[in-house]
Amino acid sequence: MAVLIQDLNQKASRFQEKIDTVNTSMKKMNLPGWLQNKIRDYMFYTQSNLENQRELEDFKTMISPSLKVEVTRHIFLQVLINSPIFGNNPELNELFIEKVSTYSFPPEDVIIKQGDAPKALFVVSKGELAVLVKDEYNKESFVKILGPGELFGEVSIISDCPRTATVQ
């Protein structure tokens with residue numbers, strides 16, 4: 001128990017050092033309060049997501065392969081069932097669950113880029129993502145917001161063509 005508390009204290013201390021550095025930098029730049037708050041919110045949000053992702057990955061190294069599949073099934077099955085492509089297709093859902101990898105992306109991170117080669121199909125399990133498309137004049141337009149249960153990247157995977165949109 002003492003080791004866990006010490007580890008948590010070290011993590012908190014390292015994160016506080018980052019926050020202190022950011023606060024000092026923002027004050028030196030004389031950034032307005034509202035922008036400083038947005039930056040701090042971003043830091044706390046990304047730190048929390050990174051910690052959750054690390055905890056999940058660490059957890060998965062401690063359990064058997066069959067238990068990993070059960071955990072993945074628990075996390076994703078309802079998302080897949082609600083998906084228009086996977087729906088209530090047990091065979092397709094099971095195939096996906098056996099192959100799935102979990103990722104966590106910070107806000108505004110580009111997950112797939114229009115024109116890139118397809119490598120994977122994605123399902124949003126948490127949060128929102130923006131879909132953007134560039135036209136022939138390289139002008140980027142907003143298409144829609146994706147939320148939990150929605151797929152993206154399927155067009156390129158099914159058609160074996162370059163990515164048709166950027167998702168971030």
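**A guided reading of the predicted model**

N138 is placed in the loop that runs between strand 2 (129-134) and strand 3 (140-146). The structure in which this loop appears is a predicted model. The backbone of N138 deserves attention, since its phi is near 70°, a positive value in a residue other than glycine. N138 has a relative accessibility of 53% and therefore counts as exposed, the threshold for that class being over 50%.

A second residue invites the same kind of inspection. E108 is not a glycine, yet it has a positive phi of about 70°. E108 is found in the loop between helix 4 and strand 1 (122-123). With a relative accessible area of 71%, E108 is exposed.

Before further details are considered, the confidence of the prediction should be reviewed. Across the protein chain the average pLDDT is 86, and 94% of the residues score at least 70. Confidence is highest in strand 5 (residues 166-167), at 97, whereas helix 1 (residues 2-28) has the lowest, at a mean of 77. Where pLDDT is low, the predicted coordinates should not be read in detail.

The charged side chains come next. How many salt bridges does the count come to? The count comes to three. Two of the pairings involve R73, a residue of helix 3. One partner is E70, and the closest N and O atoms of this salt bridge are 2.5 Å apart. E70 and R73 both belong to helix 3, where a spacing of three residues corresponds to about one turn of the helix. The other partner is E94, whose side chain meets that of R73 in a salt bridge with an N to O distance of 2.1 Å. Because R73 lies in helix 3 and E94 in helix 4, this pair ties together parts that are 21 residues apart in sequence. E70, R73 and E94 are thus linked in a network of salt bridges.

Is R73 buried or exposed? R73 counts as buried, because its relative accessibility is 19% and the limit for burial is under 20%. The two acidic members of the network fall into another class: E70 is partly exposed at 45% relative accessibility, and E94 is partly exposed at 24%. When neighbours within four places in sequence are set aside, R73 is in contact with E94 and I97. E94 therefore appears both among these contacts of R73 and as its salt-bridge partner in helix 4.

The remaining salt bridge to be described joins E150 and K144, with the closest N and O atoms 3.4 Å apart. E150 counts as partly exposed at 27% relative accessibility. K144 is likewise partly exposed, at 38%.

The surface also carries a nonpolar feature. I85, L92 and L95 form a nonpolar patch there, with about 240 Å² of accessible area together. I85 is located in the loop between helix 3 (65-81) and helix 4 (90-99). The relative accessibility of I85 is 44%, so this residue counts as partly exposed.

A buried site is provided by S156, which is found in helix 5 (residues 154-159). S156 counts as buried because its relative accessible area is 1%. What does S156 touch, residues up to four places away in sequence not being counted? The residues touched are P118, C161, P162, R163 and T164. For R163 there is a further detail: its backbone nitrogen lies 3.3 Å from a polar atom of the side chain of S156.

The reading closes with N37, in helix 2 (residues 33-61). At 41% relative accessibility, N37 counts as partly exposed. N37 and N23 are separated by 14 residues in sequence, and their C-alpha atoms are 9.9 Å apart in space. Helix 1 spans residues 2-28 and is where confidence is lowest in the protein chain.

Note on methods
Residues are numbered from 1 along each chain as its sequence is written. This is a predicted model: local features need pLDDT of at least 70, side-chain atom pairs count only at pLDDT 80 or more; totals for chains, interfaces and linings use all residues. Side-chain values use heavy atoms; hydrogens and water are left out. Patches are made of residues with over 30% relative accessible area and no salt bridge: like charges are joined within 9 Å, nonpolar side chains (Val, Leu, Ile, Met, Phe, Trp, Tyr) within 5 Å. Accessible areas come from the Shrake-Rupley method with a 1.4 Å probe; for residues, only the protein chains shown count as cover. A salt bridge is a side-chain nitrogen of Lys or Arg within 4 Å of a carboxyl oxygen of Asp or Glu. Helices (H or I, at least four residues) and strands (E, at least two) are DSSP runs, numbered from the N terminus. Buried means under 20% relative accessible area, exposed over 50%, partly exposed in between (1.4 Å probe, protein chains only). pLDDT is the predictor's confidence in each residue, from 0 to 100. A polar contact is a pair of N or O atoms within 3.5 Å; within protein, one must be able to donate a hydrogen and the other to accept it, and residues adjacent in sequence count only if both atoms are side-chain atoms. Contact means heavy atoms within 4.5 Å.
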